[in-house]
Amino acid sequence: MKPNNFIYADLSTYSPSKSIAFYEDVFGWKYYEAYNYYAAYLKNKEVAGLYETPQKFKQMRMPHFWMSYIQVNAISETVQKAKELGGIVELETNLFSNNKIALIRDPSGAGFTVYEGEELTNIRTQNTANTLIWNELHVSDISKVIHFYQGIFDWNFEQVSQEYYNIYNADNEHISDVSEIANQFKGNYEYWVCTFGVNDLQETKKRILENGGTQIVDETNRILFADDSGEAFFYVQEV
């Protein structure tokens, strides 16, 4: 796997059983539990993760959210750069074997996880239905975060419009985007949002609404939803 690219996503939820039922019905996933962590599979392929929000974050009323994971060569170096560039390191820990993760917030407050290791499944695809196909950043002020991400990931930002940039990795591959969106439209949080591919946008919309989800914005080729918690945002897009 290439460093500084997106490889995984999981959901932090206050109610695992309820969230599992929602996503299994919407995307046809099947969850399996091990050590209080739930891995979602589409047939025999791992496609996402899920865990119960830790109690200390529940007490802080942190919302349900989808977390984007970025693979790096060295957690320690990434964490140090993040601190130097105005980021906040919420968590740094070792996982199984020699795998490590760190939860970082950029200067605007948007959170993401960096991962060091080779055992975590790369779940992002280009155009496979019911899988993660894209990750993008929604912030209220792009100028606060460009230098940060350039510094820790060596990403390049190409301005498309006043409120929109494409993000390229060091190999000049288009891997993400960032949108500047006023709080009156996106809410008060800054966040990375996941996009999941689907075969039929309208049929998926129907299932999401029937399961208690909420439509936020219809962008014609894709739709932004909140799941049944009313807090965890995600896009669906036809592939």
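This is a short chat about salt bridges and sheet packing in a predicted model.

Q: How many salt bridges does the structure hold?
A: Seven.

Q: Which residue does K58 form a salt bridge with?
A: E52. The closest N and O atoms are 2.5 Å apart.

Q: Is K58 buried or exposed?
A: Buried, because its relative accessibility is 18% and the cut-off for buried is under 20%.

Q: And what about E52?
A: E52 counts as partly exposed, at 40% relative accessibility.

Q: Which side chain does R61 meet in a salt bridge?
A: The side chain of E231, at 3.1 Å from N to O. The pair links distant parts of the chain, 170 residues apart.

Q: Where do the two sit?
A: Both are in loops. E231 is in the loop between β15 (222–226) and β16 (233–238). R61 is in the loop between α2 (55–59) and β5 (65–71).

Q: What are the accessibilities of E231 and R61?
A: E231 has a relative accessible area of 23% and is partly exposed. R61 is at 44% and also counts as partly exposed.

Q: What about R105 and E90?
A: Their side chains meet in a salt bridge, 3.1 Å from N to O. R105 lies in strand β7 (residues 100–105) and E90 in strand β6 (residues 88–94), so the pair ties together parts that are 15 residues apart in sequence. E90 is partly exposed, with a relative accessible area of 36%.

Q: Which residues are joined into one network by salt bridges that share partners?
A: E136, E219 and R222.

Q: Why do such side chains pair at all?
A: Side chains of opposite charge can pair when their charged atoms come close.

Q: Switching to the sheet. What is the strand order?
A: β2-β3-β4-β1-β5-β8-β7-β6. The sheet is open, has eight strands and shows mixed pairing. β2 (30–34) and β6 are the edge strands, each pairing on one side only.

Q: How are neighbouring strands turned?
A: By 30° against each other on average, ignoring direction.

Q: How many bridges join β2 to β3?
A: Five, and the two strands run antiparallel. β3 covers residues 37–42. Y38 in β3 stands opposite E33.

Q: Which strands does helix α3 touch?
A: β6, β7 and β8 (111–116). Helix α3 spans residues 75–84 and packs on the sheet. Its direction makes about 10° with that of β7.

Q: And where does α4 lie?
A: Across β5, β7 and β8. Helix α4 (residues 146–153) runs at about 5° to β8.

Methods
Residues numbered from 1 in each chain as written. Predicted model: local features only at pLDDT ≥ 70, side-chain atom pairs only at ≥ 80, totals over all residues. Heavy atoms only, no water. Salt bridge = Lys/Arg side-chain N within 4 Å of Asp/Glu carboxyl O. Buried < 20%, exposed > 50% of the residue type's maximum accessible area, 1.4 Å probe, protein only. Helix = DSSP H or I, 4+ residues; strand = E, 2+ residues; numbered from the N terminus. Pairing = 2+ DSSP bridges. Axes fitted to C-alpha atoms, helices over the stretch in contact; angles between N-to-C directions. Contact = heavy atoms within 4.5 Å.
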